[in-house]
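Hi everyone, thanks for making time for this. I'd like to walk you through one structure, so please have a look at the screen.

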Amino acid sequence: MTVGKSVFRWLGLTLLVTVLVLGCQGKDGPMGPPGFQGDQGDPGQNRVPIPIADQTFGILINNSTANDYQGALAVELTSDETASPSGSRVVAYQMDTPPMVDGIDGGTAEWGNVQAADIALSSVAGNDVGITSASIRVGYNLTDVYMQIKWTEVENSSFGFVVSADTTGKQWIASSATSWAQSGGEDVLRLLWEITPITGWSSEGAGAVFDGSTFVTAADGEIADMWVWGSTISYYGHHLQDRVVKDAAAGGAMDDVGGPYVWLNNRVSNRPHYMKTNSPLGGTRYPLRDFEYTTFNSSLKWRKNATIPGYVYFEPSRSAADILAVGRFANGTWTVELQRRRNTGQPDDVLF
């Protein structure tokens, strides 16, 4: 009996509590006062690209030599898409889809409405290399600028200009077991940009920093950006030498800040300084990369005509690594394609 009464009492108490709880529920009360205003959020990002500011740049091209430049020192770059590309004007077009940076001209399938300008070239220094024009495309989006430069080589036996890819420039060749010499030229493309106001740039363009042999600005604090693509130095690593040009007291032309892209393999005279680790006596071909080189062993009896690359390649870093560059050679024509951030945040880079 005691157990049964306890059970009934427990059931009754539970029912009473349930009724009381349910009976106490009423309508929602009035809305409380509004809370304090939160902190302001970060500003939104404009998804519409700002057009590249109008500016003037210079282009220099040579064929297998160091001193024979064909070029145009004052090329107008504008984002005014109502303007027409001409022999001295390149129009930069906004792109919704970026092109493949592979050194292969994909035409309108890749570049869309980006029209190429045939820029007229003439002899700037040394012998006339015969290259009369360069086709240039420029496209941009919110973050990056893209360029395509094409030119066709012209053979001239009088000056030693041959139609060739020249991807083994400065290669070491053994004329005997202990005697070495460097051989092979390099095709070079240079683009020059004004970073700070430069004396004479408004009237001469890149001629204000290039006298035919030397790259230097006229006054303290004047800075130009110089991109140097080479058929050997850039062919294997898909970068170019990103350089800065200052006044003579500041050093003239020098590499941008950061890890190097290439070392010239001639730090000692008349023989290589580096070789591929465990290289056979017949030597090795290009490229020679940073993870596979060692100090040259001059005690080895190298075979005649053994070859060793004239450059050691590295993965660049910091400002030296800003520009992706890929070039391909076909039917006598170089197609070089470039990509760079519009604003790298570095003082030694031009702002687009």
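**Aromatic rings, loops and unusual backbone**

Let me start with two tyrosines: Tyr286 and Tyr313 are both buried. Before I say how they sit together, please keep in mind that this is a predicted model.

Now, a quick look at the whole protein. There are three helices and 20 strands in the secondary structure. The radius of gyration is 32 Å, whereas a compact globule of 352 residues would come out near 20 Å. Along the principal axes, the C-alpha atoms occupy a box of roughly 125 × 60 × 45 Å. Of the 352 residues, 43% count as buried. If you take the contacts with a separation of 6 or more, 63% of them are between residues 24 or more positions apart.

For the surface, about 18300 Å² is exposed, and carbon and sulfur atoms supply 52% of that area. On the charge side, I have 24 positive and 37 negative side chains, with the centres of the two sets 14 Å apart.

Back to the rings. How many aromatic pairs does a search of the whole structure find? The search gives 24 aromatic pairs. One that I'd like to show you is Tyr235 with Trp334, an edge-to-face pair with 6.4 Å centre to centre and 75 degrees between the planes. This pair links distant parts of the chain, 99 residues apart: Tyr235 sits in the loop between strand E11 (224-230) and strand E12 (241-245), and Trp334 in strand E20 (residues 333-341). Is each partner buried or exposed? Tyr235 is partly exposed, at 29% relative accessible area, while Trp334 is buried, at 0%.

That brings us to my opening tyrosines. The ring centres of Tyr286 and Tyr313 are 6.4 Å apart and the planes are at 75 degrees, so this pair is edge-to-face. Tyr286 belongs to the loop between strand E15 (274-276) and strand E16 (293-295), and Tyr313 to strand E18 (residues 311-313), so the pair ties together parts that are 27 residues apart in sequence.

If you zoom out a little, both pairs turn up in one aromatic cluster: Trp151, Trp229, Tyr235, Tyr236, Tyr261, Tyr286, Tyr313, Phe329 and Trp334.

Stay with the loop between E11 and E12 for a moment, where we find Ser234. Ser234 is buried, with a relative accessible area of 0%. What does Ser234 touch, leaving out residues up to four places away in sequence? Its contacts are Val228, Trp229, His239, Leu240, Tyr261 and Ala325. Trp229 and Tyr261 are also members of the aromatic cluster.

Next, the backbone. Most residues other than glycine have a negative phi, and most peptide bonds are trans. Here are some exceptions, and one of them involves a tyrosine you already know. The peptide bond from Tyr286 to Pro287 is cis, with omega near -5 degrees. Pro287 is in the loop between E15 and E16, and Asn278 has its place in that loop too. Asn278 is not a glycine, yet its phi is positive, about 60 degrees. Ser64, also not a glycine, has a positive phi of about 70 degrees; you can find Ser64 in the loop between strand E1 (55-62) and strand E2 (69-78). Which of the two is buried and which exposed? Ser64 is buried, with a relative accessible area of 16%, and Asn278 is exposed, at 72%.

Two more loop residues and I'm done. Thr199 lies in the loop between strand E10 (188-194) and H3, and Ile223 in the loop between helix H3 (201-204) and E11. Thr199 is partly exposed, at 48% relative accessible area. Ile223 has 18% relative accessibility, under the 20% cut-off, so Ile223 counts as buried.

From C-alpha to C-alpha, Thr199 and Thr217 are 7.8 Å apart, with their positions 18 residues apart in sequence. Thr217 is also one of the residues that Ile223 touches beyond four places away, and others include Glu194, Ile195, Val244 and Val245. With that same exclusion, Thr199 touches Ala208, Ala218 and Glu222. Finally, the C-alpha atoms of Ile223 and Val209 are separated by 9.4 Å, and these two residues are 14 apart along the chain.

That's my tour. Thanks for listening!

Definitions and conventions
Residues are numbered from 1 along each chain as its sequence is written. This is a predicted model: local features need pLDDT of at least 70, side-chain atom pairs count only at pLDDT 80 or more; totals for chains, interfaces and linings use all residues. Side-chain values use heavy atoms; hydrogens and water are left out. Helices (H or I, at least four residues) and strands (E, at least two) are DSSP runs, numbered from the N terminus. The radius of gyration is taken over C-alpha atoms; the globule rule is 2.2 Å times the number of residues to the power 0.38. Buried means under 20% relative accessible area, exposed over 50%, partly exposed in between (1.4 Å probe, protein chains only). Contact means heavy atoms within 4.5 Å. Accessible areas come from the Shrake-Rupley method with a 1.4 Å probe; for residues, only the protein chains shown count as cover. Lys and Arg count as positive and Asp and Glu as negative; His and the chain ends are not counted. The place of a charge is taken as NZ of Lys, CZ of Arg, CG of Asp or CD of Glu. Rings of Phe, Tyr and Trp (its six-membered ring) pair if their centres lie within 6.5 Å; planes under 30 degrees apart count as stacked, over 60 as edge-to-face and the rest as tilted.
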